[in-house]
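Me: Please take a close look with me at one part of the surface of the structure below. From there, please follow the side-chain contacts into the interior and on to the charged groups.

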Amino acid sequence: MAKRDYDEDLFEHTKMTFGEHLEELRKCFFKGGIGLAIGMIIGLSFANEIVRFIQTPLQGALATYYHDQSQEKLFEYADKKLGSRDNAPPDVLARLEQRKEIFEMFLWDQDDIRRRLGLSAPPAPVYPSGTSSDDERIEFAESLEVKPLEPVFLWRRIEDDPRITLKSLSSEETFVIWLKAGFVFGAIISSPWVFYQVWVFVAAGLYPHERQYIHIFLPFSLTLFLSGATLAFFVVFKFVLRFLLGFNSAMGIDPDPRISEWISFVIMLPLGFGLAFQLPLVMLFLQRIGVMSIEIYLSKWRIAVLVIACLAAVLSPGGDPYSMLFMFVPMVGLFFLGIALCKYMPRKTDTDEEMMNSME
């Protein structure tokens, strides 16, 4: 049978006017908004637990920071007072290696320790005002020819250290954080319904034989979004925080993070990863509407990699090399996955002919 010309009259009854498209958009927007509102109400019910949960990456990074700081102070003391870090007190090292405790180290003269314990001893020297550092106390003690100072380690569990607790600097800040946490969690749990409404609107502009792809695109889109957000929260945060806190350690500035700034960072980084992971579907959509083709994707892959690198720099709010790298590498893999999808589900220009043939 001779090949027939493309016959749009076959699908004439399925076409929609511009007004009908707007009405469909209004319905999908309204339904998606209702689902989002219900999700946010549920999210506000668990907002307190959510705030505690999303603090865990930062608290873990701060615990590691102050643990390493304690160990470095111990080695500095051993190098300076005991000749070598190999002479560091083994019991102190053993407790540090368990990574459950950290300490603050003070130096006191032996007589002062005895006096504080209620034992008989000569009066401890009175240090002049301004001698607050250990080095100044040692210098002053040596000038008075008193006995050498003894290290005193004050231990605390890492989780009880106030320095790993996030701070709020205003009374209304915690309320805003509570709202943000509830809204974000509500958006996550309602995202399947919202994504479904988006694809319902997209499907309204497709031919009937193309609408079956909504059952593939919807779960695939949702899976990609959640995969990107999960990668950011459980993997990327660890390296990003280690990189950023490294500057505090190098400059000798202890971090004092605010909960509101951390919440904003927690929201933006997973969101950026989730959106970036939609790349294969965007490629497939452009191929389906005839803007791009598999041949163009393959011939311009070098340019695509450069564009992906630029997108990784823009979509990663941390601005650090770790978040950019963790976004760049998966996106390159997703680019070639998008090519595979385009090959698996090619754009058919003669679908109507096949349907007409089957009708005869």
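**From the surface patch inwards**

Reply: Happy to. Helices α1 (18-45) and α7 (173-189) each supply at least two residues of the nonpolar patch. What you see is a predicted model, so local features need pLDDT of at least 70 and side-chain atom pairs count only at pLDDT 80 or more, while totals for chains, interfaces and linings use all residues. Numbering runs from 1 along each chain as its sequence is written, and side-chain values use heavy atoms, with hydrogens and water left out.

The patch is made by Phe30, Ile34, Ile38, Ile42, Phe46, Ile188, Ile189 and Leu226, and covers about 720 Å². Its largest share, four residues, comes from α1. Helix names refer to DSSP runs numbered from the N terminus (H or I, at least four residues; strands are E, at least two). Patches are built from residues with over 30% relative accessible area and no salt bridge; like charges are joined within 9 Å, and nonpolar side chains (Val, Leu, Ile, Met, Phe, Trp, Tyr) within 5 Å. The areas come from the Shrake-Rupley method with a 1.4 Å probe, and for residues only the protein chains shown count as cover.

Leu226 makes a handy bridge to the interior, as its place is in helix α9. Leu226 is partly exposed, at 35% relative accessible area. That wording follows fixed bands: buried is under 20% relative accessible area, exposed is over 50%, and partly exposed is in between (1.4 Å probe, protein chains only).

Now for the interior. The largest nonpolar core has 56 residues, of which Phe237, Trp262, Leu269, Phe273 and Phe335 touch the most other members. Helix α9 (residues 214-251) gives this core its largest share, twelve residues. A second, separate core of eleven residues includes Leu74, Tyr77, Ala88 and Leu96. A core here is a set of buried Ala, Val, Leu, Ile, Met, Phe, Trp, Tyr and Cys residues joined through side-chain atoms within 4.5 Å.

The aromatic rings are worth a stop too. The structure holds 14 aromatic pairs. In one of them, the rings of Phe233 and Phe234 have centres 5.1 Å apart and planes at 75°, so this pair is edge-to-face. Phe233 is buried at 11% relative accessible area, whereas Phe234, at 54%, counts as exposed. Another pair joins Phe237 and Trp262, with ring centres 5.3 Å apart and planes at 50°, so it is tilted. This pair links distant parts of the chain, with Phe237 in helix α9 and Trp262 in helix α10 (residues 259-276), 25 residues apart. Phe237 and Trp262 are both buried. Ring pairs also gather Phe53, Phe233, Phe234, Phe237, Trp262 and Phe265 into a cluster. Rings of Phe, Tyr and Trp (its six-membered ring) pair if their centres lie within 6.5 Å; planes under 30 degrees apart are stacked, over 60 edge-to-face, and the rest tilted.

That leaves the charged groups. There are ten salt bridges in the structure, each a side-chain nitrogen of Lys or Arg within 4 Å of a carboxyl oxygen of Asp or Glu. One ties back to helix α7: Glu173 pairs with Arg258, the closest N and O atoms being 2.9 Å apart. Glu173 in helix α7 and Arg258 in the loop between α9 and α10 are 85 residues apart, so to speak distant parts of the chain that the pair links. Glu173 is buried at 6% relative accessible area, while Arg258, at 27%, counts as partly exposed. Elsewhere, Arg156, Asp161 and Arg163 are joined into one network by salt bridges that share partners. Within it, the closest N and O atoms of Asp161 and Arg163 are 2.8 Å apart. Asp161 is buried, with a relative accessible area of 1%, and Arg163 is partly exposed at 22%.

Arg163 has a ring partner as well: its charged end sits over the ring of Tyr66, 4.1 Å from the centre. Likewise, the charged end of Arg95 sits over the ring of Trp155, 4.2 Å from its centre. The criterion is NZ of Lys or CZ of Arg within 6 Å of the ring centre and within 35 degrees of the ring normal.
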